[in-house]
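Subject: Structure handover

Hello,

Here is the structure I said I would pass on. My notes on what was found in it follow below.

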Amino acid sequence: MSRAYGYTSYGGPETETWFDRPEPAPGPSELVIKVKAAGVNPVDYKIRSGAMANPQARPHFPLVLGVEAAGVVVARGSDVEGFAEGDEVMGKTAPAHGSYAEHAVLLAEATTRKPPQISFVQAAALPVAGGTAWDALEKLGVAEGETLLINGVGGGVGVMAAQLTRNRGAAVFGVGSETKRSLTESLGATLVPYDKGDVVEQMRELLPGGVDAIVDVVGGEPMRHVAILITNPARIVSVVDPGVAELGGSFLRSGFAGVPALAALVAAGKVDPKVLQTYPFDEAPQALRAVESGHALGKIVIDLEQTTQA
């Protein structure tokens, strides 16, 4: 049997539960891994809430939480090539599968080998936040000498986007709370604290001519407010709010294409996923609560090799 943490129906935290299930089997284009670490993301609780559910689908509860993991391959589907049992990998879960579990099913096309220089915890932090940040910068075409504003710099996507932008030779400004100043500055970015005055006024003092590009990970009114700083609305990307299209920008769903290159940057010490909190598997509920609070600092990962403190 394989232990998992998931939910019994769509809703809030009250739907979550531990359960045992048979070790999953891979479909033709899937891999099964023994999970070493699982990333925790805002999308996890959004999926649990039912906000992202297909109205025509009939889910078979309980479902496992989580969408990304790192671990060791234990089985592969009939159509899978390029992977073997024992490979250390990281990737995104297959549809209707989750990663808060002792075993997870990954999509082979959204899986890559883990470089030996990085830990499973670091690897588990990359597929979603890292892949999203990579795709956002590719979409925006941020180049050397330009300026980027990250609306929501302190979380997983913001942390990765700031470092990748810095590596491109562009200047980074990040909107976040004053509590995230140290983290933001460690990324090579300038903090624009929303709790110390109007963000637009602060940015106009820093950059009177506006910014070249915006990555938004907040959405709603905060996104609309900072959008007036952009010199070209087509260079706004939001990873959370489709309403960005009304402003002339683009809504981006995360891909996986950049994750292998990103993993190589982490292995070379050029990017740090900033996993600032880890939780043992037994504390998976607390890990998700920390992200669901909206105030998580950096990336949170469930480490299945970490023991619970007595």
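A residue is called buried here when its relative accessible area is under 20%. By that cut-off, the buried residues of helix 4 are G156, V157, G158, V159, M160, A161, A162, Q163, L164 and T165. Please keep in mind throughout that this is a predicted model.

Helix 4

Helix 4 covers residues 156–167, and 10 of its 12 residues are buried, so the helix counts as mostly covered. What lies over those buried residues? The cover includes helix 3, helix 5 (181–186) and helix 8 (259–267), together with strand 8, strand 9 and strand 15 (299–303). Helix 4 itself lies across strand 8 and strand 9 (171–176), and runs at about 175° to strand 8. From its first C-alpha to its last, helix 4 reaches 17 Å, which is close to the 16 Å expected at 1.5 Å a residue. After the helix comes G169, which has a positive phi, near 85°.

The parallel sheet

Strand 8 and strand 9 belong to an open sheet of 6 strands, in the order 10-9-8-11-12-13, with parallel pairing. Strand 10 (190–193) and strand 13 (250–251) are the edge strands; each has a single partner strand, so one side of each has no neighbour in the sheet. The partner of strand 13 is strand 12 (residues 236–238), and the two pair in the parallel sense over 2 bridges. In one of these pairings, V237 has S250 of strand 13 as its bridge partner.

Helix 3 and helix 8

Helix 3 (residues 126–140) lies across strand 8 (147–151), strand 11 (213–216), strand 12 and strand 13, and runs at about 155° to strand 11. Helix 3 also packs against helix 8: their axes come within 9 Å and cross at roughly 105°. That crossing makes helix 3 roughly perpendicular to helix 8. On the helix 3 side the contact is made by L126, P127, G130, G131 and W134, and on the helix 8 side by V259, A261, L262, A263, L265 and V266. By class, this contact has 9 nonpolar residues, 2 polar and no charged.

Helix 1 and helix 9

A second helix pair is helix 1 (residues 42–49) with helix 9 (residues 284–292), whose axes come within 8 Å and cross at roughly 100°. Helix 1 is therefore roughly perpendicular to helix 9. Here P42, D44, Y45 and R48 of helix 1 meet L288, R289, V291 and E292 of helix 9. The residues of this contact divide into 4 nonpolar, no polar and 4 charged.

Strand 15

Strand 15, already named as part of the cover of helix 4, is itself mostly covered, with 5 of its 5 residues buried. In a regular strand, side chains alternate between the two faces of the sheet. In strand 15, K299, V301 and D303 point one way, while I300 and I302 point the other way. Which strands pair with strand 15, and in what sense? Strand 3 (residues 30–40) pairs with it in the antiparallel sense over 4 bridges, and A37 has D303 as its bridge partner there. Strand 14 (residues 275–280) runs parallel to strand 15 and is joined to it by 5 bridges. Y279 stands opposite I302 of strand 15.

Regards

How values were computed. Residues numbered from 1 in each chain as written. Predicted model: local features only at pLDDT ≥ 70, side-chain atom pairs only at ≥ 80, totals over all residues. Heavy atoms only, no water. Pairing = 2+ DSSP bridges. Contact = heavy atoms within 4.5 Å. Axes fitted to C-alpha atoms, helices over the stretch in contact; angles between N-to-C directions. Expected span 1.5 Å × (residues − 1). Buried < 20%, exposed > 50% of the residue type's maximum accessible area, 1.4 Å probe, protein only. Parallel < 35°, antiparallel > 145°, perpendicular 65-115°, else oblique. Nonpolar A, V, L, I, M, F, W, Y, C, P; charged D, E, K, R; others polar.
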